[in-house]
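Good morning, colleagues. Today I shall present one protein structure, beginning with the whole chain and moving on to some individual residues. Please look at the display as I speak.

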Amino acid sequence: MGVDFADYNNDGFPDLVITDLANQMYALYRDNGDGTFTYETYPSGLGRMTATHSGWGVRFLDCDLDGWKDLLIAQGHDLDTIQLTFPICVTANRCCWPETPEKNSSTSRQLPATYSNKHGSDEVWRLEILTMMAAWMRLSPPMTVPPTFSAMKPPTHNHWLILRLRGHTSNRDAIGAVVKVVTPQGPQFATVTTAGSYLSSSDKRLHFGLGLETSVKSIEIRWPSGILQTLPNVRGDQIVQIDESPATVSGGSVKR
């Protein structure tokens with residue numbers, strides 16, 4: 001089913017989440033940093049929350065900009081008659097975002113009200129989601145669900161930073177670049193990618209929630225070429241384009 005990787009506990013090692021069909025539970029694997037993983041489905045509460053839901057696309061992202069990643073999950077069973085034989089299973093197509101273990105919550109929330117397209121891009125700190133549910137043509141009549149556009153509005157007191165990387169020695173899209181952002185609250189890590197999930201694609205820009213911090217102490221980028229680039233003291237609440245430097249540097253090229 002769906003799969004995504006990200007460092008949800010901010011320890012520098014990418015963790016894994018995998019969605020499954022109903023009655024199988026989604027899997028959450030915490031990277032131990034030594035080539036092994038710990039199965040966190042039960043301790044995190046994710047198993048209990050997802051046991052009756054079929055999961056498809058999944059994505060780690062910081063919905064409320066507090067510096068800790070949440071999970072966005074597209075759910076919906078592929079049989080609209082499944083409740084006739086398994087009443088506990090949920091057939092409705094929906095999106096939810098359970099919080100990862102570091103947020104100390106075992107709740108699962110549905111997406112907020114859908115915003116119209118004209119409001120989707122008026123504020124750059126909104127996380128925007130387009131969800132397409134499949135039309136199962138073998139059913140009579142076919143099960144069709146219109147696409148859903150949602151723009152999540154996080155708490156206004158939290159800050160953010162978006163990085164747009166452009167490679168020169170590395171590939172132009174900077175796919176594979178690993179970024180470390182440090183604030184007074186600690187580090188966060190992210191990898192540039194558009195892959196993952198199920199029949200899905202995501203923005204290749206990196207999105208960081210900063211919580212109450214208005215700037216980051218440093219940004220460290222390890223490009224696919226091996227070049228290590230460091231930028232100190234970057235202001236938050238902006239989109240920053242960073243071009244790959246020709247060699248190992250401190251304080252690389254930044255365009256605002």
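**A walk through the model**

Asn10 counts as buried, because its relative accessibility is 12% and the limit for burial is under 20%. Before I say more about Asn10, please note that what you see is a predicted model.

Let me describe the chain as a whole. The protein chain holds three helices and 18 strands. Of its 256 residues, 47% are buried. The accessible surface amounts to about 12,600 Å², and carbon and sulfur atoms contribute 54% of that area. Among contacts with a separation of 6 or more, 52% join residues that stand 24 or more positions apart.

I now return to Asn10. This residue sits in the loop between β1 and β2. What is the phi of Asn10? The angle is near 55°, a positive value in a residue other than glycine. As a general rule, most residues other than glycine have a negative phi. Asn233 also has a positive phi, of about 50°, although Asn233 is not a glycine. Asn233 belongs to strand β15, which covers residues 228-235. Is Asn233 buried or exposed? It is exposed, because its relative accessible area is 61% and the limit for exposure is over 50%.

Next, consider the two strands on either side of the first loop I mentioned. β1 and β2 pair in the antiparallel sense, over four bridges. Within this pairing, Phe5 stands opposite Leu16 in β2. The side chains of β1 alternate: Asp4 and Ala6 point to one face and are buried, whereas Val3 and Phe5 point to the other face and are not buried.

Asp15 is found in strand β2. Which side chain of opposite charge is nearest to Asp15? That is Arg30, at 6.3 Å, and Asp15 has no salt bridge although it is buried. A salt bridge would require the relevant nitrogen and oxygen atoms to lie within 4 Å. Setting aside its neighbours within four places in sequence, Asp15 touches several residues, including Asp4, Phe5, Ala6, Tyr8, Tyr29, Arg30 and Phe60.

Several of those names lead us to the aromatic rings. How many aromatic pairs does a search of the whole structure find? It finds three. One of them joins Tyr8 and Phe60, which are stacked, with 6.3 Å from centre to centre and 20° between the planes. Tyr8 lies in the loop between β1 (3-6) and β2 (15-18), and Phe60 lies in strand β5 (residues 55-61), so the pair ties together parts that are 52 residues apart in sequence. Both Tyr8 and Phe60 are buried.

Another pair consists of Tyr29 and Tyr39. Their rings are tilted, at 5.5 Å centre to centre and with 50° between the planes. Tyr29 is in strand β3 (residues 27-31) and Tyr39 is in strand β4 (residues 37-39), and the two are 10 residues apart. Tyr29 is partly exposed, with a relative accessible area of 27%. Tyr39 is partly exposed as well, at 37%. Together with Tyr42, Tyr29 and Tyr39 form one aromatic cluster.

To close, I would ask you to find two places on the display: the buried pair of Tyr8 and Phe60, and Asp15 in β2. Thank you for your attention.

Note on methods. Residues numbered from 1 in each chain as written. Predicted model: local features only at pLDDT ≥ 70, side-chain atom pairs only at ≥ 80, totals over all residues. Heavy atoms only, no water. Buried < 20%, exposed > 50% of the residue type's maximum accessible area, 1.4 Å probe, protein only. Contact = heavy atoms within 4.5 Å. Areas by Shrake-Rupley, 256 points an atom, 1.4 Å probe, with all protein chains shown as cover. Phe/Tyr/Trp six-rings, centres within 6.5 Å; stacked < 30°, edge-to-face > 60°. Lys, Arg positive; Asp, Glu negative; His and termini not counted. Pairing = 2+ DSSP bridges.
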